[in-house]
Every structure is written in structure tokens, then in C-alpha cells.
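Got your viewer open? Let's take a short walk through the rings, then finish on a helix.

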Amino acid sequence: MESAQQLAFRFREVTLNGTWIANTNYKLALSTVTFEQATTKIGSLNSIALLTYHLHYYMAGVTEAMRTGQLTIKDSLSFGMSPLASDQVWQQLKENFLSDSEQFADEVESLTEQQLQEIFIDARYGTYRRNIESMIEHAYYHLGQVVLLSKLIKERAEESIVG
């Protein structure tokens, strides 16, 4: 069984400082994404900004639930981001995401082995461990999307310059 410290390490790895699994992390992947790139839509795919918002929404909600024992987030609101109005708003979203990533990891790290096995809010959600592992998997899933979208957007921009 993984300890809380190992789970926190794995979460920090995908969001803040690792490169072992995906050869990048959110901090690195988002560091070069401009406001224009973040808000660019490709077909019916979600934008990079919306994916960042979505993951942040869940992470912040689960962090709050770990602190208060109440889960107030709803799946139906997880993609409910208002259009970003400026680069400043995009920069703030990234900063909040990274700061809250550290807070989530800190909360995870503080859990005991016993707490990891306890029910998270309601039996239908499983244990704390299951929810933390799901958050890590969810983060990697969307990180792959962010990286692919970023490459597609940059390729499009290069083609328009050349073409």
C-alpha cells in the first residue's frame, strides 16, 4: 500500500515537478501556453484553458471536502468556466491551479494510513485513497490532452506563417 507521502509525491509529480511518467507536468506544459493558445478551440475539443479549469475545479473541491467533510462540487459544473477575458485572467487561473495543487498535496500528505482507508464523504465515492488515486489518474489523462492540443495549436500557427 502506498503511504500518503507517496501519493502526495505522485500528485506533485503530475502537476508541479515530475517528468518520469509523461516527460512533463502541468507547470512545465502550461508555462509556455499563451492566452491565445489557451483559449483556442480545435473543432469540438475542449480548450487548454477549459481543461485547466476543469481539473482545478475538482482538485479544489476535493481539497475543501478533505478539510470540511463536505463535498460541494458537481460534475455538471466542472466545465462551467466563463470565457477568459484577458491574459491576466489566464495567468491567474494557472497560478491558482499550481498553488492549489500544492495545497492538495499537503492535505494528502497529512493523512494517516487509517484515514486513507476511510470512506470519503459517502460510501458511493469509496475511500480517500481511491479518490486521491483517481485525482492523479484524472490529472494525467488531461495532461495528455493539454500536451496534444498545445502541439496542434503550435503546428497550425507555424503552417499559417509558412503557408
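Start with the ring pairs: taking centres within 6.5 Å as the cut-off, you'll find five aromatic pairs. Keep in mind as you click around that this is a predicted model.

First stop: select Tyr-26 and Phe-97. Their rings make a tilted aromatic pair, with 5.1 Å from centre to centre and 55 degrees between the planes. Now colour by position along the chain, and you'll see that this pair links distant parts of it. Tyr-26 belongs to helix H2 (residues 26-31), while Phe-97 sits in helix H5 (residues 87-109), 71 residues apart. Switch on a surface next: are these two rings' residues buried or exposed? Both Tyr-26 and Phe-97 are buried.

Next, select Phe-120 and Tyr-128. Here the aromatic pair is edge-to-face, again with a centre-to-centre value of 5.1 Å, but with 90 degrees between the planes. Leave the surface on for this one too: Phe-120 is buried, and Tyr-128 is as well.

Now pick Tyr-53, Tyr-57 and Tyr-58 together. These three tyrosines form one aromatic cluster.

Then show helix H4, residues 48-68, as a cartoon. How far does H4 reach from its first C-alpha to its last? Put a distance label on the two ends: its 21 residues cover 30 Å, close to the 30 Å expected at 1.5 Å a residue. With the surface back on, H4 turns out to be mostly covered, as 16 of its 21 residues are buried.

Last click: step just past the end of H4 to Gly-69, where phi is positive, at about 80 degrees.

Key:
Residues are numbered from 1 along each chain as its sequence is written. This is a predicted model: local features need pLDDT of at least 70, side-chain atom pairs count only at pLDDT 80 or more; totals for chains, interfaces and linings use all residues. Side-chain values use heavy atoms; hydrogens and water are left out. Rings of Phe, Tyr and Trp (its six-membered ring) pair if their centres lie within 6.5 Å; planes under 30 degrees apart count as stacked, over 60 as edge-to-face and the rest as tilted. Helices (H or I, at least four residues) and strands (E, at least two) are DSSP runs, numbered from the N terminus. Buried means under 20% relative accessible area, exposed over 50%, partly exposed in between (1.4 Å probe, protein chains only). The expected span of a helix is 1.5 Å times one less than its number of residues.
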